[in-house]
Amino acid sequence: MDMSEYLSAFLDESSDQLEQLNDLILLLEKDPQSRDTVNEIFRIAHTLKGMAAAMGYEGIANLTHALEDMLDMVRNGEYQLRVEDIDLIFKCLDLLSAAVGEIRGKGNEGEMGRQLSEMAKRIKSKLAHGSAIQKEKESAEADALDSLEQGWFDKAREQGLDVYKITIKIASDCALKSARAFLVLTRLEEAGEVIKTQPSVEDLEKENFGDGFVLYFITMEPKEEIEKILSSISDISLFSVELIDADEDSSKSKPNEQSQEEFEVEPQIKDNVEMNGINESLNSIKKQQTTTVRVDIGRLDKLMNLVGELVIGRARIERLAAEAGLSEFEEPLLQLGRISTEIQEIVTKLRMVPVAYVFDRFPRMVRDLCRNLGKEAELFIEGSETELDRTVIDEIGDPMIHLLRNALDHGIETPQERISKGKPRKGSITIAAFQEGNSVLIEVMDDGRGIDPGVIKKKALEKGVVTKEEAEFMPDDEALALVCLPGFSTSEKVTDLSGRGVGMDVVKNKVESLGGQFHITSKVDEGTKVTIKLPLTLAIVLALLIRIGDETYAISLENVEETLLVDKSDTKYVHGSLVTTVRGEILSLHNLKTLLNYPGELDDKEEFPVVVVRVGASGKRRGLIVDELIGQQDIVIKPLGKLLSKVRGMAGATILGDGKVALILDVAGVGNW
C-alpha cells in the first residue's frame, strides 16, 4: 500500500500532537499527581505511535512506545516521576520533533531513526526495575485491587460518580481481538473514564489475553446507557455490568447475550486510526468539535493574489466610469464593490491564524532558559486567541524569542536578588495580545530589574554613540531607544544568550519591515514593557495616497495619525530644523522631496500653507510635507523583488486604478528619525 498520499496528514497531525505533549508535560511538571494529565499524555503518545507504525517510521514508533510504557506504569502507581524523568521526556519530544522535521525534508527518519531507537532502549532499561515490580503486583492483584477500589469509591462519592466493573467476552471467531478491545475502551470513554483494565492495556494491545477481559469504569451515566453502548459493538458474545458499592455488597447484572451478527473486519490500520482519533482531550475538559479542512498556504496565497487583482480591476473600472461620466454604471459598480469587499474580507480571515500558533512554544522555552540561568520565572499568556495573518505570524516568531531571552537574561533577577529587593522569589513574564482597530498589539512585560536610562547613556557615551552634552539633555525615552542600535549591549560579558549586541535591533527592524511599530517603556526595579503594533494583514491594506512632484506614493493608514495644513506663521526653525506646534506638542517638519532626493528643498520662498502628513513610528512622530493629498484607497501590496528589496524607505509597490505603479513608503525607513 502506497502511504505517500498520507504523508502530509501525518506530518501535520504529528506536529500538532508534539505541541500538545509539550504543554501537557509542562502541566505534569507542576502537578505530577494529576491522573488526568498522565492519561491524556498516554493517549496522545499512543495515537502518535499508531500513526508512525502505520506509516512505517519505526524510530518514532519505538520511542513513543517506550514513553507509553513509562506513563502506563506511572498511572498504575508503579513508577513515580522525578525531575530527571521530566527532563528525559522533554529530550524525547525534542528528538521526535527533529525526526518529524527530517521526514518533512527527506521523506524518511534517516540518522534520527537510530537516535530514537537508542533513546527508547534507555527508557526501557530505566523501567526494567519497575517492570519487575509490576509482575510482582500482578501476582497479588486481588489484594492490591481492594485499596485501588477504595480510592475510586472515595473519588466517585466526592464527584457524584459511579464505579462499574465490566466483564467483556469477545466472540471466538473475532480476527482482531486487540482492535475490538480498544474499540470497547474508546466507545466507553465517550461516556466516562476507564480507570483500569485486567489484563493491562499493553497486554490488550499485544493480544496477550484469552477471550475476555475486565475493566473498571467511572461515569455519571446510568447502567442502562452503558449496556446500550456495549450492545452496539459487534463481536462481543457476552458482557456484564456490575455496580461496585463501597459499603454494601455489589449488585450484579445478568450477562446479556448479544446477537451473533456477521461482522466484516476492517483492515487493522483503519481500526487504529479510528480508535486513536477519539481520546484527544482531558476528561475534565470538553473541547468543542469543529469541522475543518487543511489548505496549503500556497493556495491561499494564490487566492489572495487573485482577490488583489480583483480589487485593482474594480478600482480601474470605477475610474474609467467616472472619467466617462457613465452614471448608469454607478449601481452595478456599488454592487461589485460590496461583493469584492466581502470576498476580500473572507479570504483575509481564511489566512488568519491565532497567535497561539507562535505563543504555545514559549512556556517550554522559558522553562529551559530558567534552568540554564538558575532563575525562576513563570510565563503568563493572555489573548492567545487573537488572530494575525499567517505571513505575519511566520515572521514574528524569532523577534518574540529575542524579547523573551532579553526579559529572562537582562530583566528577571536571580531568586536571591529578588528576595533581597522584597520581591517574590519567582519572577513573572506576561505576553498579551489584543486587537486594536486594524492592528494587533503584542506586549511583553516582566517584573524584573528594568532598564536604567543612566546606564544606557553611560554605555552610549563609552561607545561614542552620543556626546556628553547630548547624553545630559537626552530624555529617558530616547535613551531607552538606544538599546535598539546595532551592536549596542549593556551586558558586561558575552554568554550564549546576550552580550554580542544582537537582539533588540533585530526585533525593531523586523517589526518595522512588517509595517509595524516598536516601543519600549521601563522603570528601574519595576520591570520593562515592550509593545509591538502589527497590521492584521500584509496583503491588502487601506492607504493614504499622496503626490510628490509627478509621482504618486502610498502610506499605510496604520502609520498616519492626521493630516494638517500648516501656515508659515505657525513654523519656526529650532537648531536648524523646521518645526511647528500641534496642540502644544512640537512636531518636526521634513520635506518628503528632500528625504526622497527630489530636486528642490523647502525654504523661505516655498509657498505656504503646506500640506503635512503626521506619521508615527517606534513611538516617535514627525510631519512629512507633501505636494497634495489624493485620498484613501485599498491597495494591494506587491513585493519589489530581490534587486529592490533592500531599498531603504520603500515597503513595496501597488497598482493604481489608472494602471500606474505607486511605491509604498516605509515611514520608519525614510530619512533619519
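1. How many residues does helix 15 have, and how far does helix 15 reach from its first C-alpha to its last? In this predicted model, helix 15 runs over residues 362–373 and has 12 residues, and its reach from the first C-alpha to the last is 16 Å, close to the 16 Å expected at 1.5 Å a residue.

2. On burial within helix 15, the residues that are buried are Phe362, Arg364, Met365, Val366, Arg367, Leu369 and Cys370, a list in which two arginines stand beside Phe362, Met365 and others. The cover over the buried residues of this helix includes helix 1 (7–30), helix 4 (83–106), helix 14 (356–359) and helix 16 (390–411), together with strand 8 (377–382) and strand 10 (427–436).

3. As for the end of the helix, Gly374 follows helix 15, and the phi of Gly374 is positive, near 70°.

4. Turning to aromatic rings, the count of aromatic pairs comes to two. One of them is formed by Phe10 and Tyr57, a tilted pair with 5.3 Å centre to centre and 40° between the planes. This pair links distant parts of the chain, since Phe10 lies in helix 1 whereas Tyr57 lies in the loop between helix 2 (35–55) and helix 3 (58–75), 47 residues apart. Phe10 and Tyr57 are both buried.

5. Phe359 and Phe362 also form an aromatic pair, likewise described as tilted, with 6.0 Å centre to centre and 35° between the planes. Phe359 and Phe362 are each buried, and Phe362 is thus named both in this pair and among the buried residues of helix 15.

Technical notes:
Residues numbered from 1 in each chain as written. Predicted model: local features only at pLDDT ≥ 70, side-chain atom pairs only at ≥ 80, totals over all residues. Heavy atoms only, no water. Helix = DSSP H or I, 4+ residues; strand = E, 2+ residues; numbered from the N terminus. Expected span 1.5 Å × (residues − 1). Buried < 20%, exposed > 50% of the residue type's maximum accessible area, 1.4 Å probe, protein only. Contact = heavy atoms within 4.5 Å. Phe/Tyr/Trp six-rings, centres within 6.5 Å; stacked < 30°, edge-to-face > 60°.
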